[in-house]
Amino acid sequence: METKSKSKLIVKILFIFAAVVIFSIAGFIAYIFYHLPAANQLSAGILQQSTKAHVAASNPASPQAAGAMEPPPPVVNDPNNPPPVAQQKTETKIQTFNSRAGLDDLINPNKPLSNFCSSLKNAKAGKMNSSETNRAFQLSLDEATADPRAQSLKPLFRYILRMPELQELIAVAEKASGQAEEGFADKAEFYGKAVSAFMAMRAHKQDFEAIADRSYLFYKLNSAVAQKPELLADERLKKFCEDTEDAFNTNAPVQFDQEKNNFERLLSEVGVDAASIGYDPNYKTEFGIVLGKSNLNLTGGWLQEVFAK
């Protein structure tokens with residue numbers, strides 16, 4: 001009997017200990033979530049990241065993104081003489097519309113993964129600085145003014161932002177951005193979606209790299225046309241571009257070695273020196289994916305060539 005009593009006592013102690021551990025872990029998790037930044041604070045970073053060129057689309061709040069072909073003069077607001085309320089509301093509506101249009105251009109599944117070739121008529125050489133990047137992505141919402149440097153990035157951005165996990169994160173971020181206050185459950189949901197998106201991006205890293213490999217050829221094709229504008233009318237160049245775009249939009253597997261060979265042959269046929277446009281025959285994309293304090297960062301590859309520091 002004494003042995004049974006001791007056994008029961010030990011079992012009870014173990015149950016109590018387990019309950020204390022579980023309670024402590026739950027309390028620790030609650031403490032962590034309580035001290036994490038609010039979801040409505042981070043949502044601004046997530047949404048801004050989804051509408052900026054170095055991660056996604058455009059920043060319509062910048063003057064160059066307004067759509068003018070030449071950068072407008074700086075606007076200085078006099079704090080003692082603010083613009084009328086009606087004007088402020090109109091500007092807010094325009095910025096909201098442009099931001100939404102830029103995001104929709106990337107996440108809308110009815111839009112093709114690539115619409116690069118029609119932009120080659122606007123070929124431009126060189127990197128884009130931050131203000132030019134915003135303007136380029138805003139102008140790229142219109143086929144007539146689309147910048148091929150921005151267009152060459154879109155297949156990758158569209159693929160990423162159309163992933164279910166990223167769609168869910170964007171939806172939660174949009175919801176959080178409109179909330180003045182949030183509960184524990186809201187914060188837990190937001191961070192759960194962020195981690196899920198991060199894990200999905202890591203799982204699809206090779207897919208991202210394959211898409212970036214093919215897009216690299218688009219980026220260098222832009223450089224070739226910028227160097228020799230007469231190539232825009234060359235049927236060989238048109239066919240290469242259309243075939244590559246069709247491969248994107250039909251989800252054809254990337255066969256980068258073969259596609260590079262085709263591109264190098266094209267350069268030779270049209271008389272463009274590969275080195276003169278910065279083309280690397282040994283190029284291969286290698287990305288890093290980092291979960292930051294307020295964003296998900298994709299680093300490495302030829303993306304660093306596009307943006308001026």
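**Exercise 1. Locate Gly 278 in this predicted model, classify its exposure, and relate it to Ser 223.**

Solution.
Step 1. Find the element. Gly 278 lies in the loop between α10 (256-270) and β1 (287-291).
Step 2. Apply the cut-offs. Buried means under 20% relative accessible area, and exposed means over 50%. Gly 278 has 39% relative accessibility, so Gly 278 counts as partly exposed.
Step 3. Compare sequence and space. Gly 278 and Ser 223 are 55 residues apart in sequence. Their C-alpha atoms are 8.4 Å apart in space.

**Exercise 2. State which cysteines form the disulfide, and describe the link.**

Solution.
Step 1. Count. The structure holds 1 disulfide.
Step 2. Recall the chemistry. A disulfide is a covalent bond between the sulfur atoms of two cysteines.
Step 3. Check the distance. The cut-off for the sulfur pair is 2.5 Å. The sulfur atoms of Cys 117 and Cys 241 are 2.2 Å apart, and the two residues form a disulfide.
Step 4. Read the torsion. The angle about the S-S bond is -110°, and the link of Cys 117 and Cys 241 is left-handed.
Step 5. Place both ends. Cys 117 sits in the loop between α3 (85-107) and α4 (130-139). Cys 241 belongs to helix α9 (residues 235-249). The pair is 124 residues apart and links distant parts of the chain.
Step 6. Check burial. Both Cys 117 and Cys 241 are buried.

**Exercise 3. Test the end-to-end span of helix α5, then look for a bend.**

Solution.
Step 1. Get the expected span. Helix α5 (residues 148-161) has 14 residues, so at 1.5 Å a residue the helix should span 20 Å. The formula uses one less than the number of residues.
Step 2. Compare with the model. The end C-alpha atoms of α5 are 20 Å apart, which agrees.
Step 3. Look along the axis. α5 bends by about 35° at Lys 154. A proline, Pro 155, follows within four residues.
Step 4. Check cover. In α5, 13 of the 14 residues are buried, and the helix is mostly covered.

**Exercise 4. Name the residues of the nonpolar surface patch that includes Val 195, and classify Val 195.**

Solution.
Step 1. List the members. Val 195, Met 199 and Leu 291 make a nonpolar surface patch of about 260 Å².
Step 2. Place Val 195. This residue is in helix α7 (residues 184-203).
Step 3. Classify. Val 195 has 43% relative accessibility, so Val 195 counts as partly exposed.

**Exercise 5. Summarise the fold of the protein chain.**

Solution.
Step 1. Count elements. The protein chain has 11 helices and 2 strands.
Step 2. Order them. Along the sequence, the pattern is α-α-α-α-α-α-α-α-α-α-β-β-α.
Step 3. Add burial. Of the 309 residues, 39% count as buried.

Note on methods:
Residues numbered from 1 in each chain as written. Predicted model: local features only at pLDDT ≥ 70, side-chain atom pairs only at ≥ 80, totals over all residues. Heavy atoms only, no water. Patch = residues over 30% accessible without salt bridge, like charges linked within 9 Å, V, L, I, M, F, W, Y side chains within 5 Å. Areas by Shrake-Rupley, 256 points an atom, 1.4 Å probe, with all protein chains shown as cover. Salt bridge = Lys/Arg side-chain N within 4 Å of Asp/Glu carboxyl O. Buried < 20%, exposed > 50% of the residue type's maximum accessible area, 1.4 Å probe, protein only. Bend = angle between axes of the 7 residues up to and from the residue.
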